[in-house]
Amino acid sequence: RIHAKRFYGADETIALLRYLGAKLDQAYPGSEPLLVGAISKKRGGKAGSHLSHQNGIDVDWAYLEKGNPKRRYYNSKVRSDQLDYEKNWYIFEVALLTGRIKSIFVDKDMLSPLYRAAKASGWSEAALKPIFGTKTFQGARPIIRHWPGHTYHAHVRLKCSKGESSCRNGH
């Protein structure tokens with residue numbers, strides 16, 4: 001984690017991150033761990049310039065890079081051609097298969113390579129349509145979509161838990 005004051009999350013968010021870390025380690029032994037950025041402040045509320053990250057169900061994590069470089073902070077200079085799309089798709093896939101992901105925001109340059117990685121791992125076009133939208137990445141709010149400012153990290157939002165009256169899912 002890299003934001004000392006914004007690493008508090010809902011129990012489900014923390015459990016998901018631990019699960020993803022274990023699955024990543026299992027599938028890619030020796031891989032650098034998932035580098036977590038902002039989640040939420042201890043008691044919620046506005047977190048810096050973020051409009052989200054207020055209730056513990058939003059989490060940022062760094063994209064996984066080719067060559068497995070050691071990182072303690074986001075690589076804000078990483079280019080889309082330096083990313084390991086197989087690993088990045090794997091971690092998104094594991095998260096999506098939990099059924100708890102509402103949305104994943106990425107940079108537009110990641111959409112095509114991620115889609116190709118998903119197809120290469122065996123996903124059909126029909127199964128990918130609700131995840132990515134159409135082949136041109138348009139459609140009624142696909143789960144994985146472009147959002148400005150996500151060139152070196154993904155923003156993942158979990159669905160509100162049933163019965164959680166104070167939770168709101170924006171974006």
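Reader: Which glycine follows H3, and what is the sign of its phi?

Author: Glycine 122 follows H3, and its phi is positive, near 110°; helices here are DSSP runs of H or I with at least four residues, strands are runs of E with at least two, and both are numbered from the N terminus. This is a predicted model, in which local features need pLDDT of at least 70 and side-chain atom pairs count only at pLDDT 80 or more, while totals for chains, interfaces and linings use all residues. Residues are numbered from 1 along each chain as its sequence is written, and side-chain values use heavy atoms, with hydrogens and water left out.

Reader: Which residues of helix H3 are buried, and what covers them?

Author: An α-helix has 3.6 residues a turn, so residues three or four places apart point the same way. In H3 (residues 108-120), the buried residues (under 20% relative accessible area, 1.4 Å probe, protein chains only) are Met110, Leu111, Pro113, Leu114, Tyr115, Ala117 and Ala118. Their cover includes helix H2 (85-96), strand E2 (101-106), helix H4 (125-132) and strand E3 (144-146), where contact means heavy atoms within 4.5 Å.

Reader: What is the order of the strands in the open sheet?

Author: Strands of a sheet pair through backbone hydrogen bonds, either parallel or antiparallel. Here the four strands follow the order E1-E4-E2-E3 with mixed pairing, two strands counting as paired if DSSP finds at least two bridges between them. The edge strands, E1 (58-62) and E3, each pair on one side only. E1 and E4 (residues 153-158) are antiparallel over five bridges, and alanine 62 has histidine 153 of E4 as its bridge partner.

Technical notes:
Buried means under 20% relative accessible area, exposed over 50%, partly exposed in between (1.4 Å probe, protein chains only).
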